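Me: I have a new model open and would like to learn how to read its strands, sheets and cores. Could you walk me through it?

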Amino acid sequence: MKVLKNSFKFGTSYLLHSISITNTNIKLLNDVFDHSGGALIIDPQDNYGNSIPALREFITYSGIEFQNSKWTLQNVKRGVYGSFAQPHATGARIVAIPVVEEENIQTEKEKTLENYLKKIL
């Protein structure tokens with residue numbers, strides 16, 4: 001059975017600072033994502049709206065914390081769902097994606113999400 005995560009929030013934010021391939025402390029310009037965690041895409045398109053898979057990175061996170069007047073993603077896993085961790089510039093666009101949960105089958109969950117992403121991107 002496929003279900004969308006109940007607390008999912010759609011939204012777009014931007015990187016407050018540039019990140020290297022090793023950064024897992026990712027600060028956001030604003031708070032539009034689910035505080036209980038989820039999946040995001042960094043750089044889903046170039047500045048002209050073109051979809052360029054080589055620039056795109058999928059990440060997951062477990063929560064968001066507000067600290068020192070900044071929104072920070074917690075427990076970030078970079079380069080998931082077949083993507084690779086890569087550097088991103090200040091202001092890079094970040095978009096929430098729905099997490100499709102497949103009961104009791106981790107590999108099917110990943111396949112379902114990847115198929116969904118191929119359709120929307």
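Reply: Happy to. Let's begin with pairing: two strands pair if DSSP finds at least two bridges between them. Keep in mind that this is a predicted model.

Me: Thanks. Which elements does the protein chain have, and in what order do they run?

Reply: The protein chain has one helix and 10 strands. Read from the N terminus on, the elements go β-β-β-β-β-β-β-β-β-β-α.

Me: Now the sheets, please. In what order do the strands of the five-stranded sheet lie?

Reply: That open sheet has the order β2-β9-β4-β5-β8, with antiparallel pairing. Its edge strands are β2 (12-14) and β8, each of which pairs on one side only.

Me: How many bridges join β4 to β5, and how many join β4 to β9?

Reply: Five bridges link β4 to β5 (residues 57-61), and the two run antiparallel. On the β5 side, I41 has F58 as its bridge partner, while G38 has Y61. Four bridges link β4 to β9 (residues 93-97), again antiparallel. There, the bridge partner of A39 is I97.

Me: How should I read the two faces of a strand such as β4?

Reply: The general idea is that in a regular strand the side chains alternate between the two faces of the sheet. In β4, G38, L40 and I42 lie on one side and A39 and I41 on the other. Both faces are covered, and these residues are all buried. Put as a count, five of the five residues of β4 (residues 38-42) are buried.

Me: And the other sheet: which strands form it?

Reply: Three strands form an open, antiparallel sheet in the order β3-β7-β6. The edges are β3 (26-28) and β6 (63-67), each pairing on one side only. On average, neighbouring strands in this sheet are turned by 35° against each other, direction ignored. For a closer look, follow β6 to β7 (residues 70-74): five bridges join this antiparallel pair, and F66 stands opposite W71 in β7.

Me: T72 caught my eye in β7. Is T72 buried or exposed?

Reply: The test is relative accessible area, where buried means under 20%. T72 counts as buried because its relative accessibility is 2%. Its side chain also makes a polar contact of 3.3 Å with the side chain of K27. Leaving aside residues up to four places away in sequence, T72 touches N25, I26, K27, G63, I64 and E65.

Me: Next, the cores. Which residues have the most contacts inside the largest nonpolar core?

Reply: To find a nonpolar core, look for buried nonpolar residues joined through side-chain atoms within 4.5 Å. The largest one here has 15 residues, and those with the most contacts inside it are I26, F33, L40 and L73. At least two of its residues come from each of β3, β4, β5 and β9. A second, separate core has six residues, including I41, F58, V80 and I97.

Me: What does L73 touch?

Reply: Beyond residues up to four places away in sequence, L73 touches T24, I26, L28, L40, I59, Y61, G63 and I64. Two of those names should be familiar: I26 and L40 are, like L73, among the residues with the most contacts inside the largest core.

Me: I also noticed an arginine, R78. Why does R78 count as buried?

Reply: R78 lies in strand β8 (residues 77-78). It counts as buried because its relative accessible area is 13%. For a charged side chain, it helps to look up the polar partners. The side chains of R78 and E57 share a polar contact of 2.7 Å. In addition, a polar atom of the R78 side chain lies 2.6 Å from the backbone oxygen of N23.

Me: To finish, what do the totals say about the protein chain?

Reply: Of the 121 residues in the protein chain, 38% are buried. The chain exposes about 7100 Å², and carbon and sulfur atoms supply 51% of that area. For contacts, look at sequence separation: among those between residues at least 6 apart in sequence, 60% join residues at least 24 apart.

Definitions and conventions. Residues are numbered from 1 along each chain as its sequence is written. This is a predicted model: local features need pLDDT of at least 70, side-chain atom pairs count only at pLDDT 80 or more; totals for chains, interfaces and linings use all residues. Side-chain values use heavy atoms; hydrogens and water are left out. Axes are lines fitted to C-alpha atoms, for helices over the stretch in contact, and angles run from 0 to 180 degrees between N-to-C directions. Buried means under 20% relative accessible area, exposed over 50%, partly exposed in between (1.4 Å probe, protein chains only). Contact means heavy atoms within 4.5 Å. A polar contact is a pair of N or O atoms within 3.5 Å; within protein, one must be able to donate a hydrogen and the other to accept it, and residues adjacent in sequence count only if both atoms are side-chain atoms. Accessible areas come from the Shrake-Rupley method with a 1.4 Å probe; for residues, only the protein chains shown count as cover.
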